[in-house]
Amino acid sequence: MCAKYLKDCHVRLNEMQKAHLQRMEEISGIKESSYIRLLIKKDMKQSLVRIISKEEYQQKERLQDEIHRIGVNINQIVHDYHNDFYSPAEKKHLADLLYQIYELLEKQEENDGHP
């Protein structure tokens, strides 16, 4: 039994995208519209695209800005580190702190795939 589709959707594609869609139709024998519905259905099942709220987006933007500022500070510390601004004990302590930062960033990437 065929499903009834009540809504129309028109999509603009570039030449490469249209050619790919036509190739998929030729290879699979599935009409373009069915192929597109199949991709959407697959995406819905796998949740490849994650919609986030405006607040979450803004929070991620602020976090990226803060990480950038931390990176600038780290670069300044490394510059001073190489110019013998710090004592050997301070250098060891800085190296330990930088390693902790590195571990935190790795954990963050594991959690959501982004630094």
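In this predicted model, L98 counts as partly exposed, because its relative accessibility is 30%, a value that falls between the limit of under 20% for buried residues and that of over 50% for exposed ones. L98 is found in helix α4, and when its neighbours within four places in sequence are left aside, L98 is in contact with I74 and V78. The first of these partners, I74, stands 24 residues from L98 along the chain, yet the C-alpha atoms of the two residues are separated by 8.0 Å.

Helix α4, which comprises residues 88-112, also holds K91. In contrast to the partly exposed L98, K91 is classed as buried, because its relative accessible area is 18% and the class takes in values under 20%. The surroundings of K91 include Y81, D84 and Y86, with which K91 is in contact once neighbours within four places in sequence are set aside. Y81 also takes part through its backbone, since its backbone oxygen lies 3.4 Å from a polar atom of the K91 side chain.

Across the protein as a whole, the secondary structure amounts to 4 helices and 0 strands, so that the order of elements from the N terminus reads α-α-α-α. Of the 115 residues in the protein, 4% are buried, and K91 is one of the residues in that class. The protein exposes about 10,900 Å², of which carbon and sulfur atoms supply 56%. Among contacts between residues at least 6 apart in sequence, 23% join residues that are at least 24 apart.

Helix α1 covers residues 15-28, and its length can be checked against expectation: at 1.5 Å a residue, its 14 residues should span 20 Å, and the end C-alpha atoms are indeed 20 Å apart, which agrees. At the start of α1, a side-chain oxygen of N14 reaches to within 3.1 Å of the backbone nitrogen of M16, while at the other end the helix is followed by G29, whose phi is positive, near 80°.

Helix α2, which comprises residues 32-46, contains I40. With a relative accessibility of 46%, I40 counts as partly exposed, because this value lies below the limit of over 50% that is set for exposed residues. I40 does not stand alone at the surface, for together with I36 and M44 it forms a nonpolar patch there, and the accessible area of these three residues together is about 300 Å².

Definitions and conventions:
Residues numbered from 1 in each chain as written. Predicted model: local features only at pLDDT ≥ 70, side-chain atom pairs only at ≥ 80, totals over all residues. Heavy atoms only, no water. Patch = residues over 30% accessible without salt bridge, like charges linked within 9 Å, V, L, I, M, F, W, Y side chains within 5 Å. Areas by Shrake-Rupley, 256 points an atom, 1.4 Å probe, with all protein chains shown as cover. Salt bridge = Lys/Arg side-chain N within 4 Å of Asp/Glu carboxyl O. Helix = DSSP H or I, 4+ residues; strand = E, 2+ residues; numbered from the N terminus. Buried < 20%, exposed > 50% of the residue type's maximum accessible area, 1.4 Å probe, protein only. Expected span 1.5 Å × (residues − 1). Polar contact = N/O pair within 3.5 Å; in protein donor to acceptor, adjacent residues only side chain to side chain. Contact = heavy atoms within 4.5 Å.
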